[in-house]
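Please open the structure in your viewer and keep the selection tool at hand. This tour goes from stop to stop, saying at each one what to select and what to look for there.

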Amino acid sequence: MEMEESDETQIQLQQLLSMGFSPDLASQALSSTGGNSALKATEWILTNTNTNTNTNTNTNTTSPHSPNPNPNSPNPNPSQAKIDRFFHFPSKPSKPQPPPKQENSHSLSQSHSLPIKRQREEQNQNQNQNQNETLHHKPLSERMRPRTIDDIVGQDHLLADKSSLLRSAVESNRLPSLLFWGPPGTGKTSIARAISSTINSNYHFISLSAVTCGVKDVRDAVDQARKSNICSKFSKNTKQRRTVLFVDEVHRFNKSQQDSFLPVIEDGSIVFMGATTENPSFHLITPLLSRCRVLTLNPLQPHHVAALLRRAAADSEKGLAQSVAVPQGFDGTEVKVNEDVIEFLSVNCDGDARVALNALEISAITAAAAAGTTIGNEGNEVGSMFAVTITLDDAKKGLQCKHLAYDKAGEQHYNLISALHKSMRGSDADASIYWLARMIEGGEEPLYIARRLIQFASEDVGLADPSALVQAVACYQACHFIGMPECKVNLAQCVAYLALAPKSISVYQALEAALKVVRESVGQNEGVPLHLRNAPTKLMKDLGYGKDYIYPPGNPSASSQTYLPPSLQGYKFLNFPNGSSADRRG
């Protein structure tokens, strides 16, 4: 028992030493508090160190004859300095005060006040200039990020109603751990940052990206959060602020990396926020999902994107005007965006605000370059504004092509192939060709589509049109021989044929029924009847293998022969052509 207590004391002592306390002070604190809690020992050190510091200060004040080798500097407690370093409290020794000079203070202030003011003004101007340059080089989509949740456009199901989860959490200053799931450019990162800026006084926001960081960065952030919690607990003057850890693209973390979040979310060390474009059910571990609330973000509607584009065009400080360089001789830039430009970009960005804003910025740069060439030829009036008008042609150049949300291995991949399969099953040739075109334009591998068509030919067309399987295999061979882009016509022909073909799932149902019988051992999975067994040797023939077997081609009228095991006699698996209501014409 004494050995266990000694080991526990040594563990607590090592924790105190790792905080920067001296061995004597750590041992004294443990002996005074029982030796079984580093937290109580830390509280004891803080309390007694502050008391000793105040006592020393009072002693130095009331005893002018006490020796002090350096009268211009204080005599701080060395233990307090270590505590300050651990809790990130910068020690502030009092600066030595120079003896007052016998000069006219009024004349001194007059001689130095003017240069100091000028220096401060120049510093402020330089800081503003650096901020403007940094802002100027950021993309328009980054400059126009909403600052508060009231600036967010779209996602009304999360923010419009005051009783919604996000808005009620912000107003009550009680944030749960959240996972934002949605397509790119729908506001996942913007909402997280807007929440942090809205409740900045109560929460400390740390932002990481799973693309560039690892478990070490997560641990550093958690350690910082825990130290901040301990610091605010023992300091009366420090307001307690919880830490929000935001991880962008969290689906890029593997299973072991995601496991590192579990204990700190569980004990409340951090409030976790993650953003992902991938389905959390496939890419995030179940324990992490059980500790967070998954919020789904929808693609922005065209009127939402249009509102963001108009906001960017009207903002003179960080909006579209900052993307265009001001030519020499002009006072500023005026950018006019035609309404057809906003309509075109908002419709063709597929609900991605980032795509729309970046395309608008490129359009403005293109239009400004053309306007600058015209000014160079015709001249300009000094002191006027540089006017730029963005036309529909500029917008088309900026967007280049319609943005398609598609990923070859993600959720969109499976959603589109499911839509194609179900459209063919429903005999809708128009919808089938449309979904095929979506997959082709998204860059899907044509052989993958052809393989799915072969499966469909047997599963959904089946015996209603046995040549459908021949057509599908021929389509696969054509795609293999020709390749893209020509083979897309072969795919379209096969898709149309399968959609218009009669449908029968009798074979599929028969196979499923037989598999169920085998799995459930309905017929006890007994051996093959002797008359159906092969008899390649004399011993097998002597044992009765193949005995009494009737060869059907030689005896067409013989119908008494059975082929199922005795326990399954009378079972019917295949119902074709009229036995299944699922068999129908296309």
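Helices and strands are here runs in the DSSP assignment, with at least four residues for a helix and at least two for a strand, and they are numbered from the N terminus. Keep in mind throughout that this is a predicted model.

**The whole chain**

Begin with the whole chain in a cartoon view, where the secondary structure comes to 25 helices and seven strands. The chain has 586 residues, and buried residues make up 36% of them. Among contacts between residues at least 6 apart in sequence, 73% join residues that are at least 24 apart.

**Residues with a positive phi**

Most residues other than glycine have a negative phi, and most peptide bonds are trans. With that in mind, select Glu249, whose place is in the loop between β3 (242-248) and α11. The phi of Glu249 is near 55 degrees, a positive value in a residue other than glycine. Is Glu249 buried or partly exposed? With a relative accessible area of 22%, Glu249 is partly exposed, because buried would require a value under 20%.

Select Asn173 next, in the loop between α8 and β1, where phi is again positive, near 55 degrees, in a residue other than glycine. Asn173 counts as partly exposed, at 31% relative accessibility.

Then move to helix α16 (residues 339-348), in which Val341, Ile342, Leu345, Ser346 and Asn348 are buried. When you look along such a helix, remember that an α-helix has 3.6 residues a turn, so residues three or four places apart point the same way. Just after α16 you will find Asp350, which takes a positive phi of about 55 degrees.

**A cis peptide bond**

Which form does the peptide bond from Met484 to Pro485 take? This bond is cis, with omega near 5 degrees. Pro485 itself can be found in the loop between α22 (467-482) and α23 (487-500).

**Ser177 and its surroundings**

Go back to the loop between α8 (165-172) and β1 (178-181) and select Ser177. Ser177 has a relative accessible area of 12% and is therefore buried. If you leave aside residues up to four places away in sequence, Ser177 touches Ile265, Val271, Phe272, Arg291, Cys292 and Arg293. For one of these neighbours, Phe272, you can show a distance in the viewer: the backbone nitrogen of Phe272 lies 3.2 Å from a polar atom of the Ser177 side chain.

**Aromatic rings**

Phe272 also leads to the next stop, since this residue, Phe253 and Phe261 form one aromatic cluster. Ring centres must lie within 6.5 Å for two rings to pair, and by this rule the count comes to five aromatic pairs. Select Phe261 and Phe272 together: their ring centres are 4.7 Å apart and their planes stand at 45 degrees, so the pair is tilted. Phe261 lies in the loop between α11 (255-259) and α12 (262-266), whereas Phe272 is in strand β4 (residues 270-276), so the pair ties together parts that are 11 residues apart in sequence. Phe261 is buried, with a relative accessible area of 0%, and Phe272 is buried with a value of 0%.

Another pair to select is Tyr434 and Trp435, whose ring centres are 4.9 Å apart and whose planes stand at 65 degrees, so this pair is edge-to-face. Tyr434 is partly exposed, with a relative accessible area of 44%, and Trp435 counts as partly exposed at 24%.

**A cavity**

Rolling a probe the size of a water molecule over the atoms shows where empty space is left. How many cavities of 30 Å³ or more does the structure hold? There is one, and the largest cavity has a volume of about 40 Å³. To find the largest cavity, select its lining residues, which are Ile417, Leu420, His421, Met424, Ile449, Arg452, Leu453 and Phe456. The elements that give two or more residues to this lining are α19 (411-425) and α21 (446-461). By class, the lining has six nonpolar residues, one polar and one charged.

**A last stop**

Finish at Ser32 in helix α2 (residues 23-33), which is partly exposed, with a relative accessible area of 43%. Then add Trp44 to the selection: the C-alpha atoms of Ser32 and Trp44 are separated by 8.1 Å, and the two residues are 12 residues apart along the chain.

Definitions and conventions:
Residues are numbered from 1 along each chain as its sequence is written. This is a predicted model: local features need pLDDT of at least 70, side-chain atom pairs count only at pLDDT 80 or more; totals for chains, interfaces and linings use all residues. Side-chain values use heavy atoms; hydrogens and water are left out. On a 1 Å grid over the protein atoms alone, a cavity is a set of points where a 1.4 Å probe fits but cannot get out, and a pocket is an open set with protein on both sides within 12 Å along at least five of seven lines; lining residues have an atom within 4 Å of a point. Grid points are joined across faces, edges and corners, and a volume is the space filled by probe spheres set on the points. Ala, Val, Leu, Ile, Met, Phe, Trp, Tyr, Cys and Pro count as nonpolar, Asp, Glu, Lys and Arg as charged, and the others, Gly among them, as polar. Buried means under 20% relative accessible area, exposed over 50%, partly exposed in between (1.4 Å probe, protein chains only). A polar contact is a pair of N or O atoms within 3.5 Å; within protein, one must be able to donate a hydrogen and the other to accept it, and residues adjacent in sequence count only if both atoms are side-chain atoms. Contact means heavy atoms within 4.5 Å. Rings of Phe, Tyr and Trp (its six-membered ring) pair if their centres lie within 6.5 Å; planes under 30 degrees apart count as stacked, over 60 as edge-to-face and the rest as tilted.
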